[in-house]
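Open the model in your viewer and set the display to cartoon, with side chains available on demand. The stops below are given in the order in which to select them.

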Amino acid sequence: MTSTLARPVPEASRPAETGKPRGRPRLRALDGMRLMAALMVAAYHYGGRGGDVTTAWGSSPKGQFPTLHAYFAYGCLGVQIFFVISGFVICMSGWGRPLRSFFASRASRLLPAYWVAVLLVTAVFALPVVVYDAVSPSDALVNMTMLQQPLGVDRVLGVCWTLWAEVRFYALFALFVVVPGATRQRVILFCALWILAAAIAEGANEPLLDLVLMPQYAPFFVGGIGLYLVHRDRKDAYAWGIVAVSWLIGQHYAVQDLWHAPSADAFSHRTSFGIILIVTLGFAAVAAIALGRLGWANWRWLTVAGALTYPFYLVHEHLGWVVIHALHRGLGIGSAETFALTIATMLLLAWLLNRYVEETLTPKIRAALSRAR
């Protein structure tokens, strides 16, 4: 546990305020939490929803997992947990960094595995033996920019809508925090103004404001930022206030977007209590990490888990359908075994992407983008 966690550090004496990132131990529990959130989303895509995955199984996942499908349906909330973690990590990594370094870090982290995932899914879906349709070559090329959604282009990766939300968050944080320089007061002001502006955008029902301010996702990003402020000073009342308001608004949007009345026609029914509980547990888990309560979870394999999370998240949905179809319908393997083997296969693919794509290209892209001109 660092001295920052043990007692408040005077504003003027904090190294991060000087423009140079301070040394900090890796929060390995946060790496493990990333992978848990990704596995939640995978459970949702494989057994917690209908749609295209039904083709892979040959019938509704309801029939494949008569009891578990109702729990898998809550896995989509892994995205909200991701956004809380992202707010924490981006504030931590962007604090004290110049814009060039911040941009280089984000671009080199996101793009290599993303580019290869887009090419890989496009190529696999173009195979004659695969039952899913590939996007057009032109649309696949546009997908390489991560701007396919605002341009109205078909998505190669189903999960890339979350990356579009992440990119908008990075842009807002860079413009209002990184460029002028991160300080506690500036970060608090950014959080307060974003939450207020997002509420105004919701009330105004203006599409452009919704696009920029993301009212339904802002509370989760802001909540993560608030928790990083708590990590720096656990007695910061303003930081706790940001977290509390973010949680209150965030659970509202989660219930509004994911709850529906019980219906025989719906795949499953998520209760409002269940949705609120998972959102609360997500905030609480990041809070425990921020406060140093999970410092004992310092196993090195958690760093590996964190490294696999992003490539796993990119490829697991669409390529997972292909694997499920091959194992369950092609080889007749049981539902539970197919589910486990598909997860394992996607983790192996994620390891390959991390080992041979990210570890090779990320440092090169970061160095090229960080080089002063």
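Start by selecting Glu358 and Arg109, which form a salt bridge whose closest N and O atoms are 2.9 Å apart. Glu358 belongs to helix H16 (residues 335–370) and Arg109 to helix H7 (residues 99–125), so this contact ties together parts that are 249 residues apart in sequence. Glu358 is buried, at a relative accessible area of 5%. Arg109 has 26% relative accessibility and therefore counts as partly exposed. Keep in mind throughout that this is a predicted model.

**Other salt bridges**

How many salt bridges does a search of the whole structure find? The search returns 5. Next, select Asp236 and Arg184, another such pair, with the closest N and O atoms 2.7 Å apart. Asp236 sits in the loop between helix H12 (218–232) and helix H13 (237–258), while Arg184 is in helix H10, so the bridge ties together parts that are 52 residues apart in sequence. Asp236 and Arg184 are both buried.

Go back to helix H16 and select Arg355 and Glu359, which both lie there, 4 residues apart, about one turn of the helix. They form a salt bridge with a closest N to O distance of 3.8 Å. Arg355 is partly exposed, at 36% relative accessibility, and Glu359 is partly exposed as well, at 45%.

Then move to Arg26, Asp31 and Arg34, which are linked in a network of salt bridges.

**Aromatic side chains**

Display the rings of Phe, Tyr and Trp. A search of the whole structure finds 26 aromatic pairs. One of them is Phe173 with Phe190, an edge-to-face pair with 5.9 Å between the ring centres and 80 degrees between the planes. Phe173 is in helix H9 (residues 160–178) and Phe190 in helix H10 (residues 184–204); the pair links distant parts of the chain, 17 residues apart. Are these two residues buried or exposed? Phe173 is buried, and Phe190 is too.

Extend the selection to the aromatic cluster that contains both rings: Phe83, Phe102, Trp161, Phe169, Tyr170, Phe173, Phe176, Phe190, Trp194, Tyr217 and Phe221. From the cluster, pick Tyr170 and add Arg106, which lies over the face of the Tyr170 ring at 5.6 Å from its centre. For a second arrangement of this kind, select Arg232 and Trp95: Arg232 lies over the face of Trp95, 4.0 Å from the ring centre.

**A nonpolar surface patch**

Switch to a surface view and select Leu189, Leu193, Leu196 and Ile200. These residues form a nonpolar patch on the surface, with about 400 Å² of accessible area together. Centre on Leu193, which is located in helix H10. Leu193 has a relative accessible area of 48% and is partly exposed, because the exposed class begins over 50%.

**Positive phi angles and a proline**

Return to the backbone and select Met146, in the loop between helix H8 (137–143) and H9. Met146 is not a glycine, yet its phi is positive, about 70 degrees. Met146 is buried, with 8% relative accessible area. Compare Asn205, in the loop between H10 and H11, where phi is again positive, near 55 degrees, in a residue other than glycine. Asn205 is exposed, with a relative accessible area of 62%.

Pro207 is the next selection; it lies in helix H11 (residues 207–213). Pro207 is exposed, at 59% relative accessible area. Add Gly50 and draw a distance between the C-alpha atoms: Pro207 and Gly50 are 29 Å apart in space and 157 residues apart in sequence.

**Annotated spans**

Finish by colouring the chain by annotation. An unreviewed UniProt entry places the feature "transmembrane region" at several spans, including residues 155–180 and 237–255. For residues 155–180, the end C-alpha atoms lie 35 Å apart, and the span is 73% helix and 0% strand. For residues 237–255, the end C-alpha atoms are 27 Å apart, and the span is 100% helix and 0% strand.

The UniProt annotation "domain: Acyltransferase", also from an unreviewed entry, covers residues 29–354. Select residues 29 and 354 to see the ends: their C-alpha atoms lie 20 Å apart, and the span is 73% helix and 0% strand.

Note on methods:
Residues numbered from 1 in each chain as written. Heavy atoms only, no water. Phe/Tyr/Trp six-rings, centres within 6.5 Å; stacked < 30°, edge-to-face > 60°. Helix = DSSP H or I, 4+ residues; strand = E, 2+ residues; numbered from the N terminus. Buried < 20%, exposed > 50% of the residue type's maximum accessible area, 1.4 Å probe, protein only. Lys NZ or Arg CZ within 6 Å of the ring centre and 35° of its normal. UniProt positions renumbered as here; feature names shortened; annotations may be inferred. Patch = residues over 30% accessible without salt bridge, like charges linked within 9 Å, V, L, I, M, F, W, Y side chains within 5 Å. Areas by Shrake-Rupley, 256 points an atom, 1.4 Å probe, with all protein chains shown as cover. Salt bridge = Lys/Arg side-chain N within 4 Å of Asp/Glu carboxyl O.
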